[in-house]
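Here is a set of exercises to work through with the model open in your viewer. Try each task first, then compare your steps with the solution.

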Amino acid sequence: MPDATSTPSLVDLEGDPHPHLANLRASGPVSWLPVLGGWLVTDRATAIEVMRDDTTFTVDDQRFSTAQVVGRSMLSVDGAEHDRHRSPFSDPFRSGAVREELGPWVREEVRRIVGSFAGDGSAELRSALAAPLAVSTVVHTLGLGDVDHDRVLAWYRTIGAAIEGVNAGQSVDDGAVAAVAGLRSRIDATVAEGVGLLADAARLLGADEVFANAAVIMFGAIETSEGTTASALLHLLSAPEQLAEVLVDLSLVANVVEEALRIEPAASLVDRYATRNVVLAGVAIRRGDLVTVSLAAANRDPEVFDDPDRFDLHRVNARQHLTFVQGPHVCLGMHLARLETREAIEAVLDLLPGIRLEPERSTPARGLVFRKPGSVAAVWDVSRRARTG
Ligand code: HEM
């Protein structure tokens, strides 16, 4: 266990933050963290209080780096302006719409991807399945057509690096400007086709706003969905007794997804800025202070979750996790994200008989904000006939 008097370093938080977060929470739900230059919220009740009160804890601040790179979007504004940015996208991402419009496509795509390597008998499932599924799903959902997925990933990485650079005090470099321009021309071309989600949004938002929101949807969807699918597979394959139960009863896959979302949220920190002096859980916060919510810590709050460090597919209240946050910025893509991970697990169990983890070639999640396993190496039996799905 970490020393009770020390505050965690960035290295601690990037590696295994959970014991450090538990230690912070034990000394109070709101702690000043010098390495983040802000307050860190570590219990579930206070996390909800912050995320629901966008008047006191806003995202709309000039330090918000994503807006500096792609422009103002639903992710970076609050109040009526947020509703205006978000409302054109709300209906297509509702649960029923996702199930009906995207369900069959996702199922087929997952099975195409798994089928492409099923005959090999082994694979690293994050790069072979979770990553390509995340990219192709968002490209399909946004209607970006036959754009090269490697190009999408290159834009994504360059723009992501620029956002991190802005966080570190750098300006946006030429490479990032070119990546934004490349993505922008693809999105403008999709809008010009006149049909689909982006064309519908363009009837309500300006061209810059459609671009910024499309970029945020892409960047919100790729890293996190990849991380969640990889993490769910890693946790399930690491627990052979629970895996055996799921193989007998595939209806348990939904619980696996929820518990994976809880135990390792793929986006582990969200930032807010205090708009006034306020007392939060007994701590005096000053106007302008950064208030970061640790979703990873809230999801292991022992007041809410028994034995919180244990992956337990029978946990009855797993859905109380805050992985998709609460309040106005609740994840737009949460139903799609759940669908992707559920379909991925079902396809793996159906098409890769006798699947088991190769622990010595698998590595756990890491990352400060975005967390995902390094690798999820698995082997299976190619001689046995695949179960029919
Ligand atoms: C398991 C995968 C995912 C996780 C863990 C996740 C997590 C999150 C979190 C934590 C937020 C809130 C950010 C904040 O409050 O500052 C968020 C917002 C958002 N997410 Fe997701 N996300 C996932 C998948 C997706 C997908 C698949 C999409 C789109 C297809 C998406 C689109 C968005 C958008 C557009 C927002 C901004 C909503 C707003 O500000 O009103 N996400 N997501």
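## Exercise 1: A leucine in a hairpin

Leucine 36 is placed in the loop between strand 1 and strand 2. Helices (H or I, at least four residues) and strands (E, at least two) are DSSP runs, numbered from the N terminus. A word on the setting: this is a predicted model, where local features need pLDDT of at least 70, side-chain atom pairs count only at pLDDT 80 or more, and totals for chains, interfaces and linings use all residues. Residues are numbered from 1 along each chain as its sequence is written, and side-chain values use heavy atoms, with hydrogens and water left out.

**Task.** Find which residues leucine 36 touches, not counting residues up to four places away in sequence, and describe the hairpin of strand 1 and strand 2.

**Solution.**
- Step 1. Search for contacts (heavy atoms within 4.5 Å): leucine 36 touches Leu10 and Leu290.
- Step 2. Check the separation: leucine 36 and leucine 290 are 254 residues apart along the chain, and their C-alpha atoms are separated by 8.7 Å.
- Step 3. Look at the pairing, which requires that DSSP finds at least two bridges between two strands. Strand 1 and strand 2 pair in the antiparallel sense over four bridges, and the bridge partner of tryptophan 32 is tryptophan 39 in strand 2.
- Step 4. Inspect the turn: four residues lie between the two strands of this hairpin, and glycine 37 in the turn has a positive phi of about 65°.

## Exercise 2: The five-stranded sheet

**Task.** In what order do the five strands of the open sheet run, and which strands stand at the edges?

**Solution.**
- Step 1. Follow the partners across the sheet: the order is 1-2-8-5-3, with mixed pairing.
- Step 2. Locate the edges. Strand 1 (30–33) and strand 3 (57–58) each have a single partner strand, so one side of each is left without a neighbour in the sheet.
- Step 3. Add the packing helix. Helix 3 (residues 44–52) touches strand 1, strand 2 (38–41), strand 3, strand 5 and strand 8. The direction of helix 3 makes about 130° with that of strand 8; axes are lines fitted to C-alpha atoms, for helices over the stretch in contact, and angles run from 0 to 180 degrees between N-to-C directions.
- Step 4. Zoom in on one pair: strand 5 (residues 269–274) and strand 8 (residues 290–294) are antiparallel over five bridges, with valine 270 opposite valine 293.

## Exercise 3: The three-stranded sheet and a second hairpin

**Task.** Which strands form the antiparallel open sheet of three, and how many bridges join strand 10 to strand 11?

**Solution.**
- Step 1. The three strands are arranged as 4-12-9.
- Step 2. Strand 4 (122–124) and strand 9 (356–357) are at the edges; each has a single partner strand, so one side of each lacks a neighbour in the sheet.
- Step 3. Strand 4 pairs with strand 12 (residues 377–379) over three bridges, and glutamate 124 stands opposite alanine 377.
- Step 4. Strand 10 (residues 363–366) and strand 11 (residues 372–375) run antiparallel, joined by three bridges. Alanine 365 is opposite proline 373 in strand 11. This hairpin has five residues between its strands, and glycine 367 in the turn shows a positive phi of about 135°.

## Exercise 4: The iron and its loop

**Task.** Which protein atom is the donor to the iron atom of the ligand, and where does its residue lie?

**Solution.**
- Step 1. Collect donors, meaning N, O and S atoms within 2.8 Å of the metal (3.2 Å for Na, K and Ca); water is not among the atoms, so sites may look incomplete.
- Step 2. The single donor from the protein is Cys331 (SG), 2.3 Å away.
- Step 3. Cysteine 331 is in the loop between helix 14 (295–298) and helix 15 (334–351).
- Step 4. Aspartate 307 is found in that loop, with a positive phi near 45°. Valine 325 also has its place there, and its phi is near 55°.
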